Amino acid sequence: MSKSLLLLLTLLISVFSVFAEEQNEEKNKKIEELEQKLEELSTEVEILKMTTDTEQKEEKFKIYGFFGSRFQDADFDNDGSLLGKYFTDNPTFSQTHLNLYFQFNPIKNWKVLSEIRFLYAPKGMSYESEIDESTALPYKANSFIDPNTGIQVDLPTYPTGDLIYQIPVQADGTPAILVDNFETGIDLNGDGMPDLPPGFYPVDFNGNHLFFLDGTGNIDSLDPILIASPVVSSISMFEKDFNTYFVDVSNGLGVNWGGVKIERAWMEWTPYNYFNVRFGKFFTPFGIWNVDHGLPVLVSPRVPYVLKYMPESQVGLQTYGTIYLPHTDLDYYLYVTNGRGDNFELNDNNENKSVGGRLRLNYSHGALKQLSIGGSAFFGVYTEDYEYIKLKFDIMSPNSNPTLTPITETLYEYEETTVGVDFKLQAYGFEVQTEYLYRTLDYTYFNDHLIGNAYTFFAPEKLPDINAYYVQGAYTLPFDLKGIQFTPYGRYENIEGYLESRHPGDLAQGMDKDEEFNVMSVGLNVRQNPYVVYKLDYTKADYDFDNLDFSMWTLSATISF
Amino acid sequence: MNKYIVLVILLALFSLSAQVAVIVHPDNPIEDISLRDLKRIYLCDKGDWDNGKVILALNLPEDSPERLLFHGKVLGYTVDDLKKYYIDKQIKGENFREPKDQKSDLMVQVVVSKADIAIGYVPADKVGSKVKVLKVEGKLPTDPDYPIK
């Protein structure tokens, strides 16, 4: 009996445990099914997110950029040259680039991009340390103290160009003028000799020490022009007379404020690969370098001088696209813009619009990453305005206040035509690129009234044609060192012609027609990873005349983020 | 350096046998694709299908030998070179969307089977039935002169 009971119990337990195991298996199966469904669902969500994002083409909002810093050691043949004036030959560290990109993609096929570069410029002087005591004048930007009333009078800031007109004020509160014709001084009587050497000249409101000039440089008491007019356009006023120094109230320390440069800012509509429209400020699509543009992209830390002869960026309307041909791509760019000008982002100071374009055929296949040939052209009319303040003073009533009137006159105007061709080959680690540029200026107007006398130092020659090219070769070594890539490179540049220059710091300043200069660079580009790149560069420039020769070592570091 | 040599050897050994199939959604009307168009798509120079829809390009994982093969045969870039290429493109301010890395060839096929804008590549011997295999330069992976192998 008991045996039978035991047997029955064992049987029952076995049946129940089999049943329980089956139940467990079912449960596990269900759990697995649910987990699988969950995974499928999350995959679906992921795919949905991916496809929706892709429909937008890019993220709605993105910030990225790059940072660049360098160490350089230059040697100028002539420290007194303009090169020596604007660059130091001391071994120096420079923090050169902090560029931020802001990209918005509000809806499909629309995009806004701005690239902002933060600058230490204008880097004006501080009162404490940098003013030369012999000419120290506690001037205030845009204002002077009226000696008759002792009240500070604010001068207007005019929206033409970046100029902020100033009349320096002496320690005793009376205004002074600066004659800054550093080459010849001012010829008052038309005999070709300077009668008024450079320096500060006090002006008193009683009529003493005022110099009045008419259009030919003779004294004209009826329609006087204050000789201070060169002041507002002189280099020294731009470079030194801005006060960018202030005391930070939070800690009492002096601060030199800097600025920002909007490198580019545009909106664009990109409905098709072959047709896109861009509106705003963009880099001129001319040649290779100016299109690639960003420091991290470029193999060397120095921009070829060829690029000085085309506008780096312009404001206007551009259409561009890529047409896919059987074995090649045809890229095109066409644009209409304000062209060059001191204030081209906001105003066109002539009625003409500049036009230009670029075509590039690009072939690539397998290890041949790129074989391209391109052509670019730019045509525009440039107007150089001369701005000054005209002071009218009633000589019969010496105690009356003078009136200040801003004057803008066209100094000269020219038509500018620039054409270029370029070639690039990238294969098996080798990269060769070259750009050639020809520019001619056809002067259509000269202001003889201004250019013919005391202002001759502003006038360019009439035939400033430029022929310029560079050839650059680079080779990425076929091995790396713990992921670090090494790319030695070399570049030769040649520029020939009259190198018209009115901008301070232009390396070509002072050259005559048919002069030429050559620049040779060799270096090593070291890419630690896709984001970080170092460049060691040695550049040597030889000019037809000796006083501008220079050589320079540069070590730069750049990181993209 | 050693890593590079090992990779090259692995790639060489692998390429003796492996081939990569290019796949799209079955509803995608495209049947044949050129190497040039594949390169345009993965270098982000071409962002839309001919019907105007945006292209969603998919990558295998970075360490996948099929990806190395695809990069070498189609793009002419290593994975690191391609990263630099995309950074440069971004700094130039160009419009593009990078291909999306997936965890496995299975995931590539799942995405392609569900998204009609997607294109991907997977080992030819692992292609499932829910995706369409494209001819490349008129050749299927089974053809002797198929270009991606």
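Here are some worked exercises on a predicted model with chains A and B.

Before you start: chains are lettered from A and ligands numbered from 1 in the order in which they are written, and residues are numbered from 1 along each chain as its sequence is written. Local features need pLDDT of at least 70, side-chain atom pairs count only at pLDDT 80 or more, totals for chains, interfaces and linings use all residues, and side-chain values use heavy atoms, with hydrogens and water left out.

**Exercise 1. Describe the make-up of each chain.**

Step 1: get the elements. Helices (H or I, at least four residues) and strands (E, at least two) are DSSP runs, numbered from the N terminus. Chain A comes out with five helices and 24 strands. Chain B has five helices and seven strands, and along the sequence they run α-β-β-α-β-α-α-β-α-β-β-β.

Step 2: check burial. Buried means under 20% relative accessible area, exposed over 50%, and partly exposed in between (1.4 Å probe, protein chains only). In chain A, 45% of the 561 residues count as buried; in chain B, 51% of the 149 residues do.

Step 3: look at contacts (heavy atoms within 4.5 Å). Take those between residues at least 6 apart in sequence: in chain A, 62% join residues at least 24 apart. For chain B, that share is 71%.

Step 4: add the surface, using accessible areas from the Shrake-Rupley method with a 1.4 Å probe, where for residues only the protein chains shown count as cover. Chain A exposes about 28,700 Å², with 60% supplied by carbon and sulfur atoms. For chain B the figure is about 6,600 Å², and carbon and sulfur atoms account for 55%.

**Exercise 2. Work out how chain B sits against chain A.**

Step 1: count the residues. On the chain B side, 39 residues are in contact with 54 residues of chain A.

Step 2: get the buried area, which is the accessible area (1.4 Å probe) that two parts lose on being put together, summed over both. Between chain B and chain A that is about 3,900 Å², and carbon and sulfur atoms give 51% of it. Within chain B, the biggest losers of area to chain A are B:Arg36, B:Ile91 and B:Arg97, together 18% of what that side buries.

Step 3: tally the polar side of things. A polar contact is a pair of N or O atoms within 3.5 Å; within protein, one must be able to donate a hydrogen and the other to accept it, and residues adjacent in sequence count only if both atoms are side-chain atoms. There are 17 such residue pairs between chain B and chain A (both at pLDDT 80 or more).

Step 4: find which elements take part. Those giving two or more residues to the chain B side are α2 (35-42), β3 (56-59), α4 (79-91) and α5 (105-114) of chain B. The top contributor is α4(B), with eight residues.

Step 5: sort that side by class. Count Ala, Val, Leu, Ile, Met, Phe, Trp, Tyr, Cys and Pro as nonpolar, Asp, Glu, Lys and Arg as charged, and the others, Gly among them, as polar. You get 16 nonpolar, seven polar and 16 charged residues.

**Exercise 3. Trace the salt bridges around A:Asp292.**

Step 1: set the rule. A salt bridge is a side-chain nitrogen of Lys or Arg within 4 Å of a carboxyl oxygen of Asp or Glu. That gives 26 over all chains, and four between chain B and chain A.

Step 2: cross the interface. A:Asp292 pairs with B:Lys92 at 3.4 Å, N to O.

Step 3: stay inside chain A. A:Asp292 also meets A:Lys424, at 4.0 Å, N to O. This pair links distant parts of the chain: A:Asp292 is in helix α4 of chain A and A:Lys424 in strand β18 (residues 403-427), 132 residues apart.

Step 4: check cover. A:Asp292 is buried at 12% relative accessibility, and A:Lys424 is buried at 10%.

**Exercise 4. Say what the A:Glu312 and B:Asp88 salt bridges connect.**

Step 1: A:Glu312 and A:Lys261 come to 3.4 Å between their closest N and O atoms. A:Glu312 lies in the loop between α4 (289-292) and β14 (313-324) of chain A and A:Lys261 in strand β12 (residues 259-272), so the pair ties together parts that are 51 residues apart in sequence. A:Glu312 is partly exposed at 32%, as is A:Lys261 at 29%.

Step 2: B:Asp88 and B:Lys84 come to 3.0 Å. They are four residues apart in helix α4 of chain B, so about one helical turn separates them. B:Asp88 is buried at 8%, while B:Lys84 is partly exposed at 23%.

Step 3: finish with a network. Salt bridges with shared partners join A:Asp329, B:Arg36, B:Asp37 and B:Arg40.
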